[in-house]
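Me: I've got a structure here and a pile of terms I keep mixing up. Could you show me how the labels are earned, one at a time?

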Amino acid sequence: MATVDALDMFLTDYANISRYLNTRLNSLLATQHLTFDAFLIMHEIGQSPQPLLLMEIAHQHHVSRSAISRQIGVLLKHRYIEQQANATDRRQKGLSLMATGRHLDQQLITVHQWTTQLGPQRVKTLLGIFTDFNEQIINNEVPASD
């Protein structure tokens, strides 16, 4: 298959999948005053066995502390997450999910019925491709010079 054909197929499929996910998730998220990025942050906080630090989240998302702070502010405002000062270093504040955040996270995660339709092996393959793309392409991309 020619490179151009592969790129065209990728772009078409990406646009369709992106529209589908945006429609499904954003309709649910909008009623809760959340963006998809804020939801991802909330979900990561909920999946962590210990409270996460703002800097850890910023590092994971490859964005600035101020960019994450805005998302965290929305989550705090709607009481989806809470901050707790570290007992040994009061400057560090761990973030953890509150009951309302946990409930919302569970509600949104149940939208994943596509995993059942595709089956475990195809889901594993798809996630492997995403992981490879992230590690080999995105994480190794040379920043553009200004």
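**Where the labels come from**

Me: Why is Phe10 called partly exposed?

Reply: Phe10 has a relative accessible area of 44%. Buried means under 20%, exposed means over 50%, and partly exposed is in between (1.4 Å probe, protein chains only). At 44%, Phe10 falls in that middle band, so it's partly exposed. One thing to keep in mind: this is a predicted model, where local features need pLDDT of at least 70 and side-chain atom pairs count only at pLDDT 80 or more, while totals for chains, interfaces and linings use all residues. Also, residues are numbered from 1 along each chain as its sequence is written, and side-chain values use heavy atoms, leaving out hydrogens and water.

Me: What makes Tyr14 exposed?

Reply: Tyr14 comes out at 52%. That is over 50%, so Tyr14 counts as exposed.

Me: How many aromatic pairs does a search of the whole structure find?

Reply: The search turns up 2. In one of them, Phe10 and Tyr14 are stacked, with 6.0 Å centre to centre and 20° between the planes. Rings of Phe, Tyr and Trp (its six-membered ring) pair if their centres lie within 6.5 Å, and planes under 30 degrees apart count as stacked, over 60 as edge-to-face and the rest as tilted. So 6.0 Å makes a pair and 20° makes it stacked. Both residues sit in helix α1, 4 residues apart, about one turn of the helix. (Helices are DSSP runs of H or I, at least four residues; strands are runs of E, at least two; both are numbered from the N terminus.)

Me: And why is the pair of Phe36 and Phe39 tilted?

Reply: Their ring centres are 6.4 Å apart, within the 6.5 Å limit, and their planes are at 40°, neither under 30 nor over 60, so this pair is tilted. Phe36 and Phe39 are 3 residues apart in helix α2 (residues 36–47), about one helical turn.

Me: Are Phe36 and Phe39 buried or exposed?

Reply: Phe39 has 6%, which is under 20%, so it's buried. Phe36 has 34%, so it's partly exposed.

Me: What makes Asp105 buried?

Reply: Its relative accessibility is 2%, under the 20% cut-off, so Asp105 is buried. Asp105 lies in helix α5, and its C-alpha atom is 7.8 Å from that of Phe39, although the two are 66 residues apart along the chain.

Me: How about Ile57: buried or exposed?

Reply: Buried, because 0% is under 20%. Ile57 is in helix α3.

Me: What is odd about the phi of His33?

Reply: The phi of His33 is positive, about 65°, yet His33 isn't a glycine. Most residues other than glycine have a negative phi. His33 is in the loop between α1 and α2, and at 53%, which is over 50%, it's exposed.

Me: Where is Arg79 found?

Reply: Arg79 is in the loop between α4 (65–77) and β2 (81–85). Arg79 also has a positive phi, about 60°, without being a glycine. Its relative accessibility is 52%, over the 50% line, so Arg79 counts as exposed.
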